Amino acid sequence: MDFVKHECGIAMVRLLKDIEHYEQRYGDAYYGLHLLEKLLIREYNRGQDGAGVGCVAGNKENAQIYVMKQEGTSAVEKIDERINNEIAFERDWGSEKKPFYGSQMIGHVRYSTTGLIGTEYLHPFIYENEKNGESVMICGNFHLINTPALINELYTKGKIFNTDCDTEVLLNHIAQAHWDEEGNRISTENTLEKVAPKWDGGFVICGIDTMGEWWVIRDSHGIRPAFWYADEEKVIVASEKSAIKLCAGVKSEDIHDLHPGVMLKVDSLGKLSFRRIIEEKPIRECVFERIYFSRADGEEITYEREKLGYLLAKRIREKMSLKTDDTFFSFVPASARSSFLGMVAFFAGLKIPVVPQVMIGDSAKKHEIHTLENKKEDTKVFFGRTIEKGGALRTFISTEKSREELVEKTYIKVLKDLPEKIKKLVIVDDSIVRGTTLKASVIVKLDSYGLEEIIVVSCSPQVRYPDFYGIDMSRLGELIAFRAAVNILRRQGKEHILTEVYEQCVLSLSGKQRTKNFVRLIYSQTSEEEIAEEVAQLVTPEHCNARVKIIYLSMEDLREAIPNHTGDWCFSGNYPTSGAYTKICQAYVNWYEGVNKR
């Protein structure tokens, strides 16, 4: 709801047979390219700042690299059109050149988590070795905490950078280990074993080269997602399992997680292999993937989100003794729909997983009021979509100023009125990060229904700490839970706690004591309930007639609903890599000193 931008999406295709095979079987000489494009379109939810595709065609002796990048929405479709025009141009002029007519493909959809926008920041990136004519091309879903350290390392080896693009830094870090000073090639395995353990952060890095190798490596904690599928015709890698399932028409059980710290490689002869590159570490897959980021196309993610809503419903009933006769249930944004259905199922006495058609009926009637009877309790549940995002607005814009200017106009009402006896409205949200949209748009629109109470329920626990692994929430002062805790401390006359945390962070950054998450001390002075009450006050607009309440999912319920994704550092402050503890100290110092930077 707060326009949280996040890690990007990657896709890779490696064809294992001659291209003529795909032309004969599928009637498509560009089968690999079109499969890649379909994968990227399925991953549009992961990045709408732009997209890029890359291809290596030919063999080692005459390898050709093709790249196409496009900014903005519908980027993949526009890339497809441009490539088709390029192919047609070569054909019309009798050229033997066949752009993107190859067996190695990589692609990328991008969301900027650094605020840097432009074609020059779109993946993939190419490094050309001038000594031997070989090239490597990479793209990635990543955010490295220690990019400055990598720049310093490269500087000592004579590489000077005039860029703020972390992908270019990463590419050069790989390249300097991939060839020796004479231009002799080091194996991909040995190259990555030398450089990848130095990368602090969450990453999935994909590469193809003119020597015929195709590879991908995932960070050792599994922070960023990667899935793979292989058969006798092709190997596919993508950021989301559902993208592979739908685009390749395969079963979920045939799609596998790429194990953290492991490299998957297909060599020039088409042989698939795996090799551990980084030592095994505790797996901490980002839980926000399941709550918010990934498309709810797969059965696993849909069920987990329904369970989040189901458990939240139990929590609401326990905390508020909520009855349904005078309550209406709704949701916003669209990514909260599955959790919303889980909540409705609980109050209607139904089990999960749910069948949406049974609950809502014809999707063409999505803007109607729906009812279900709980025969066991002899009650009715009223539910439906009250507001939705205006389709013409770009909610993924990068600048905070532009985001604030548009946020109040983002949501529109789709139900004119609610049933007369409705006094309360429960609105299901997937997360509450900054609270900006809640205050400026959502609650304003909902208050116009003439309600006594608006209850916002978050399908995630309180977002208390910044993320440094690719989600765009690196400034501590932007987090509404943090602002609420600070307000409480100040009212209680405990401002000295804020100073104490600042002093500890400064000592840590200067190397005078061990670095840890000192910000936890602020939250230890208050309770989850007090913070929720303060957040409710912070998101209540002026002249709002309804009482606003906030209910958060508990950490215990999060772990019950999503047991296998333990990357909960945004809620717990328990970061998986050492560099993040330095970053949280710096984020606090920046906030305390009034420095507005990431």
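Glu453 is buried in this predicted model, with a relative accessibility of 2%. Its carboxylate is nevertheless engaged by two basic side chains, and the report starts from these pairs.

## Salt bridges around Glu453

One partner of Glu453 is Arg547, which it meets in a salt bridge with an N to O distance of 3.4 Å. Glu453 belongs to strand β20 (residues 453-458) and Arg547 to strand β21 (residues 547-552), so this pair ties together parts that lie 94 residues apart in sequence. Arg547 is partly exposed, at 48% relative accessibility.

Lys549 also forms a salt bridge with Glu453, and the closest N and O atoms of that pair are 3.3 Å apart. Because Glu453 is in strand β20 and Lys549 is in strand β21, this pair ties together parts separated by 96 residues in sequence. Lys549 is partly exposed, with a relative accessible area of 35%.

## Other salt bridges

A further pair joins two helices. The side chains of Glu534 and Arg491 meet in a salt bridge at 2.8 Å, N to O. Glu534 lies in helix α17 (residues 528-539) and Arg491 in helix α14 (residues 480-491), so the contact ties together parts that are 43 residues apart in sequence. Glu534 is buried, with a relative accessible area of 10%, whereas Arg491 is exposed, at 59% relative accessibility. Elsewhere, Arg185, Glu189, Asp209, Glu213 and Lys265 are joined into one network by salt bridges that share partners. The structure holds 29 salt bridges by the criterion applied. Side chains of opposite charge can pair when their charged atoms come close.

The three pairs described individually are set out below.

| Acidic residue | Basic residue | N to O distance |
|---|---|---|
| Glu453 | Arg547 | 3.4 Å |
| Glu453 | Lys549 | 3.3 Å |
| Glu534 | Arg491 | 2.8 Å |

## Ser458 in strand β20

Strand β20 also contains Ser458. Ser458 is buried, with a relative accessible area of 0%. The side chain of Ser458 reaches the backbone oxygen of Ser460 at 2.8 Å. Apart from neighbours within four places in sequence, Ser458 is in contact with Leu312, with Asp429, Asp430, Ser431 and Ile432, and with Ile551, Tyr552 and Leu553. Among these contacts, Ile551 and Tyr552 fall within the residue range of strand β21, 547-552.

## Strand β16 and its partners

Strand β16 (residues 379-383) has four of its five residues buried, so it is largely enclosed by the rest of the structure. Strand β14 (residues 327-331) runs parallel to β16 and is joined to it by two bridges. Strand β15 (residues 370-374) pairs with β16 in the antiparallel sense, over five bridges. Phe383 of β16 takes part in both pairings: it is the bridge partner of Phe329 and also the bridge partner of His370.

The connection between β15 and β16 is a hairpin with four residues between the strands. Within that turn, Asp378 has a positive phi of about 55 degrees.

## Cysteines

A search of the whole structure finds zero disulfides. A disulfide is a covalent bond between the sulfur atoms of two cysteines. For Cys8, the closest cysteine sulfur is that of Cys139, 9.6 Å away, which is too far for a bond. Cys8 is buried, with a relative accessible area of 9%. Cys585 is likewise in no disulfide, its nearest cysteine sulfur being that of Cys505 at 4.0 Å; a disulfide would require the sulfur atoms to be within 2.5 Å. Cys585 is buried, at 0% relative accessibility.

## The chain as a whole

The chain has 20 helices and 21 strands. Its radius of gyration is 25 Å, close to the 25 Å that the globule rule gives for 598 residues, so the chain is as compact as a globular protein of that length. Along the principal axes, the C-alpha trace spans about 75 × 60 × 40 Å. Of the 598 residues, 58% count as buried. Among contacts in the chain with a separation of 6 or more, 74% are between residues 24 or more positions apart. The salt bridges of Glu453 with Arg547 and with Lys549 illustrate links between parts of the chain that are 94 and 96 residues apart in sequence, respectively.

Note on methods
Residues are numbered from 1 along each chain as its sequence is written. This is a predicted model: local features need pLDDT of at least 70, side-chain atom pairs count only at pLDDT 80 or more; totals for chains, interfaces and linings use all residues. Side-chain values use heavy atoms; hydrogens and water are left out. Buried means under 20% relative accessible area, exposed over 50%, partly exposed in between (1.4 Å probe, protein chains only). Two strands pair if DSSP finds at least two bridges between them. A salt bridge is a side-chain nitrogen of Lys or Arg within 4 Å of a carboxyl oxygen of Asp or Glu. A polar contact is a pair of N or O atoms within 3.5 Å; within protein, one must be able to donate a hydrogen and the other to accept it, and residues adjacent in sequence count only if both atoms are side-chain atoms. Contact means heavy atoms within 4.5 Å. The radius of gyration is taken over C-alpha atoms; the globule rule is 2.2 Å times the number of residues to the power 0.38.
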